[in-house]
Amino acid sequence: MKKIFCSLAIASLLAVNASFAQKPLTENDFYQLRTLPLPEDAILEVGGMTILPDGRMAVATRRGEIWMIENPYQKDGTQPYYKRFAQGLHEPLGLTYRNGSFYTSNRGELTKITDEDGDGRADVYEAVTSLPIVGNYHEYSYGPMFDADGNMLVTLNVGWVGYGASLTKWRGWLVKISPEGKIEPISAGLRSPSSYLINSSGDLFYSENQGDWVASGKVSQLKKGSFNGHGESLKWTSDPASPLKLTKDQLPDTGEPVATAGEKIPHYQYPACWFPHVLMGISTAGMVEDVNGYLGPHFKGQYFVGDQGHSKVMRMQLEKVNGEYQGACFPFREGWASGLLRLEWGLDGSLVGGMTSRGWSSTGKAPYAIQRLVWSGKTPFEMQEIHSKPDGFEIVFTKPVDKETAANPANYKVASFTYKYHHQYGSPIINTEESGIKGIVVSADGRKARLVLDGGFRKHYIYEIKPEGVKSADQESVLHPVGYYTLNAVAPGDQVAASQFTPFKATAAPMNHEHGAMQASTGKTASTGKATSKKRVTEMPADWAAPDQVLTIGTKPGLKFDVTELQVKAGSKVKLVFNNNDDMTHNCVIVAPGSVDEVGQKAIGLGLKGPDMQYVPNSPKVLFHTNLLQPESSESLYFTAPTQPGTYTYVCTYPGHHTLMQGKLVVVK
Ligand SMILES: [Cu+2]
């Protein structure tokens, strides 16, 4: 008997060891970042970037210079070579090379720059045209990009005077500039249109940032005479050159759902894909289309979209339904060194990221950087695509699934939500509702799962689709088990016959609440006043005469606490004062030794529930925590220090912060 017990114990020990050995796969197992060493005497804050036909990289910096980079791919481990090509520009935020000349938008001018004598330095600077500007700091100009007819497209940021304002003609517009320099307004309602592209079908898209009139980041198609939502640009629609006749007083500036508000606005262009604020990124930027499958054949034809504030690349897949683009975005690769503003394909098929964070803080802590992302050749287990179907969604996976987990409705979550349309800054998520799953059909080859949903669809809503429990045939978990599909229209086609699946009992009920993206309060824990959770005690316990120790932690720009190490005595009574002095939202969570990544990941995984839960996951590894604090606010926490000495961690679990925003809480005897 004893012997059997022993061998069982050994077997279970071995099993534990085996599961330890199988480290969960990470983004880095599939896509690796390579950092370009930069010269010490240059400040390469990337504003524009282009790859020349000979493979050299050219970078326009926000300090007004253009640098040429030879050997950016660091062949055989050799160093890149940098040479300054041009200087004296004014914050250029775009760079294009055509027929031997560079073109750049720098604030008030679209400039053509040429090296006529061939010495590797610019010698002719020509103004193609003046760009409209009054001198407001927020009047960025982006581009240009050449269209098929040789015209230049430029997007013009609105100014900022406490709100986004169009202080001169065509601010907040996409304009087309002829080779002779004539400006033609094309599309209105832009706020901060830092990046745009023409895809392989010849259609133009731009990425937009959250702000006033803009609930969340998004990617929209730009069409002549269309309106993209920001009201201030409509100031100029009475001009005879305007292709759009629409005035600001026609906008339903009421905070009603953007899903329905858009129907009331003539020429309103719904986004092809929303990038939900914080759940995906916080400032969508540079975009590329992968027509060659550089990052793997599984993602061929899809788009990669950078995020400046979250220092990451997201993936977007589009399809056309009823003649309009719509589709889904997915997390893809985080951990870039600085704020990711520009993306371009290197000639070797790597994805080159040009970065800057000055004035626009980012999770990547370097002030500027250039990195390349390289595919390892391995295929991650991911949702490759999501397609709208008349009765639900079809998920295409990159690898065959384990059919048992893929057919189980408990392994998926589907919910939909929208935002408010108004002139205010951003929007909370509103009208969240879960969808019940009526049935699932897994394709014979195991690559597709068709989800048949209960109930009707909500047009122009964002559908969050989470196949959290689905495994691949070789038992891998989905690397990023979340996607956000913007359902502008439900695709036509055949419904799944009820006989093809065993109907499930509908499981979901409407969540039916509106959560403030920032000032969330939960049912359990009031956002002010007494806290009821044992992990968040904000008033001194009645049986304490006084705390044994008072700790103070503040925050600093660049995702930092102002102290990185604190010491407490095991079992002592601690008062912790957390002051959020930064201009971003943060919390402070004390976690068990070695668990900071696990807790941080769980916080991100809260998805739509995150704001309500203060981004504090339900986990025994979370020992104590504050709520999310707005800038310039403070909270005091009372707790008894752990009795077990060791190095604990305090961390901000707001998505995108946990890898950087940490400190050590050393508990001593
Ligand atoms: Cu934070």
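**Exercise 1. State how many cavities of 30 Å³ or more the structure holds, and describe the second largest cavity.**

Solution. The structure, a predicted model, holds 3 cavities of 30 Å³ or more. The second largest cavity has about 50 Å³ of space. Next, list its lining: Trp213, Val214, Ala215, Lys218, Asn228, Gly229, Val258, Tyr268, Trp274, Lys420 and Tyr421. Sorted by class, this lining has 7 nonpolar, 2 polar and 2 charged residues.

**Exercise 2. Identify the residues that touch the most other members of the largest nonpolar core, and list the contacts of Phe227.**

Solution. The largest nonpolar core has 79 residues, and Phe227 and Phe275 touch the most other members. For Phe227, set aside the neighbours within four places in sequence; what remains is contact with Ala188, Gly189, Ser233, Leu234, Leu244, Leu246, Leu251, Ile265, His267, Tyr268, Gln269 and Tyr421. Another core lies apart from the largest one and has 29 residues, including Ile395, Ile440, Tyr461 and Tyr485. Two of the contacts of Phe227, Tyr268 and Tyr421, also belong to the lining of the second largest cavity.

**Exercise 3. Describe the second largest pocket by volume, lining and residue class.**

Solution. Start with the volume, which is about 1,200 Å³. The lining of this pocket is made of 42 residues. Nearest the centre of the pocket lie Arg191, Gln210, His277, Ile282 and Tyr425. By class, the lining divides into 23 polar, 17 nonpolar and 2 charged residues.

**Exercise 4. Determine which residues coordinate the copper ion and how they are spaced in sequence.**

Solution. Three donor atoms are found: ND1 of His586, SG of Cys652 and ND1 of His657. They coordinate the copper ion at 1.9 to 2.1 Å. Along the sequence, the donor residues follow the spacing H-x65-C-x4-H. As to burial, Cys652 and His657 are both buried.

**Exercise 5. Find the number of disulfides, then examine Cys329 and Cys588.**

Solution. A search of the whole structure gives 0 disulfides. Take Cys329: the nearest cysteine sulfur belongs to Cys273 and is 4.0 Å away. A disulfide requires two cysteine sulfur atoms within 2.5 Å, so Cys329 is in no disulfide. Cys329 has a relative accessible area of 0% and is therefore buried.

Now take Cys588. The nearest cysteine sulfur is that of Cys652, 8.3 Å away, and Cys588 is in no disulfide. Cys652 also supplies the SG donor to the copper ion. Cys588 counts as buried because its relative accessibility is 2%, where the limit for burial is under 20%.

Note on methods:
Residues are numbered from 1 along each chain as its sequence is written. This is a predicted model: local features need pLDDT of at least 70, side-chain atom pairs count only at pLDDT 80 or more; totals for chains, interfaces and linings use all residues. Side-chain values use heavy atoms; hydrogens and water are left out. Donors are N, O and S atoms within 2.8 Å of the metal (3.2 Å for Na, K and Ca); water is not among the atoms, so sites may look incomplete. Buried means under 20% relative accessible area, exposed over 50%, partly exposed in between (1.4 Å probe, protein chains only). On a 1 Å grid over the protein atoms alone, a cavity is a set of points where a 1.4 Å probe fits but cannot get out, and a pocket is an open set with protein on both sides within 12 Å along at least five of seven lines; lining residues have an atom within 4 Å of a point. Grid points are joined across faces, edges and corners, and a volume is the space filled by probe spheres set on the points. Ala, Val, Leu, Ile, Met, Phe, Trp, Tyr, Cys and Pro count as nonpolar, Asp, Glu, Lys and Arg as charged, and the others, Gly among them, as polar. A nonpolar core is a set of buried Ala, Val, Leu, Ile, Met, Phe, Trp, Tyr and Cys residues joined through side-chain atoms within 4.5 Å. Contact means heavy atoms within 4.5 Å.
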